[in-house]
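Please work through the exercises below with the sequence and the coordinates at hand, and try each task before you read its solution.

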Amino acid sequence: MIYEKLVSIMTDRLSVSPQEITPDTIFKDDLAVDSLDLYELVMALEEEFNVEIPAERLNDVEVVSDVIRVLKELGVED
């Protein structure tokens with residue numbers, strides 16, 4: 001469920017197709033996501049999942065599965 005919502009938000013906010021997204025997709029290399037894109041994505045995720053994602057948690061985010069891990073660590077249930 002987290003993954004499906006994440007893909008939906010990413011396709012909307014980052015203008016990518018769902019086919020481009022897998023758990024191993026690298027934001028910077030595969031999707032050309034820059035820091036502003038990532039910030040906008042985080043804002044959308046915070047709103048969707050009703051959580052606050054601390055900025056320092058983003059330092060470890062490189063692939064889609066990292067985002068899912070962070071959300072789960074913040075208490076979001078699958």
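The exercises that follow concern a predicted model, and each task is followed by a worked solution.

**Exercise 1.** Determine which residues of helix α4 are buried, and which elements cover them.

*Solution.* Begin with the extent of the helix, which comprises residues 64-73. Next, apply the criterion that buried means under 20% relative accessible area; in α4 this assigns Val64, Asp66, Val67, Ile68, Val70 and Leu71 to the buried class. Then look for what lies over these residues: the cover includes α1 (2-14), α2 and α3 (35-49). Finally, follow the chain just past the end of α4, where Gly75 adopts a positive phi of about 100°.

**Exercise 2.** Find the salt bridge between Glu73 and Arg57, and work out which parts of the chain the pair ties together.

*Solution.* The general principle is that side chains of opposite charge can pair when their charged atoms come close. For Glu73 and Arg57 the closest N and O atoms are 2.1 Å apart, to be compared with the limit of 4 Å that defines a salt bridge. Since Glu73 belongs to helix α4 while Arg57 sits in the loop between α3 and α4, the pair ties together parts that are 16 residues apart in sequence. Both partners fall into the intermediate class of accessibility: Glu73 counts as partly exposed because its relative accessibility is 47%, and Arg57 counts as partly exposed at 22%.

**Exercise 3.** Compile the count of salt bridges, describe the pairs Lys72 with Asp78 and Arg13 with Asp12, and identify the network formed through shared partners.

*Solution.* The count comes to 6 salt bridges. One of them joins Arg13 to Asp12, with the closest N and O atoms 3.8 Å apart; here Arg13 is partly exposed at 42% relative accessibility, whereas Asp12 is exposed at 58%. In the pair of Lys72 and Asp78, the closest N and O atoms are 3.8 Å apart, and Lys72 is partly exposed with a relative accessible area of 43%, while Asp78 is exposed with 54%. Salt bridges that share partners join Arg57, Asp66, Arg69 and Glu73 into one network.

**Exercise 4.** Name the residues that form the negative surface patch, and decide whether Asp29 is buried or exposed.

*Solution.* The negative surface patch is formed by Asp29, Asp30, Asp60 and Glu62. Of these residues, Asp29 can be placed in helix α2, which covers residues 27-31. Because its relative accessibility is 60%, Asp29 counts as exposed, the cut-off for that class being over 50%.

Conventions
Residues are numbered from 1 along each chain as its sequence is written. This is a predicted model: local features need pLDDT of at least 70, side-chain atom pairs count only at pLDDT 80 or more; totals for chains, interfaces and linings use all residues. Side-chain values use heavy atoms; hydrogens and water are left out. Patches are made of residues with over 30% relative accessible area and no salt bridge: like charges are joined within 9 Å, nonpolar side chains (Val, Leu, Ile, Met, Phe, Trp, Tyr) within 5 Å. Accessible areas come from the Shrake-Rupley method with a 1.4 Å probe; for residues, only the protein chains shown count as cover. A salt bridge is a side-chain nitrogen of Lys or Arg within 4 Å of a carboxyl oxygen of Asp or Glu. Lys and Arg count as positive and Asp and Glu as negative; His and the chain ends are not counted. The place of a charge is taken as NZ of Lys, CZ of Arg, CG of Asp or CD of Glu. Helices (H or I, at least four residues) and strands (E, at least two) are DSSP runs, numbered from the N terminus. Buried means under 20% relative accessible area, exposed over 50%, partly exposed in between (1.4 Å probe, protein chains only). Contact means heavy atoms within 4.5 Å.
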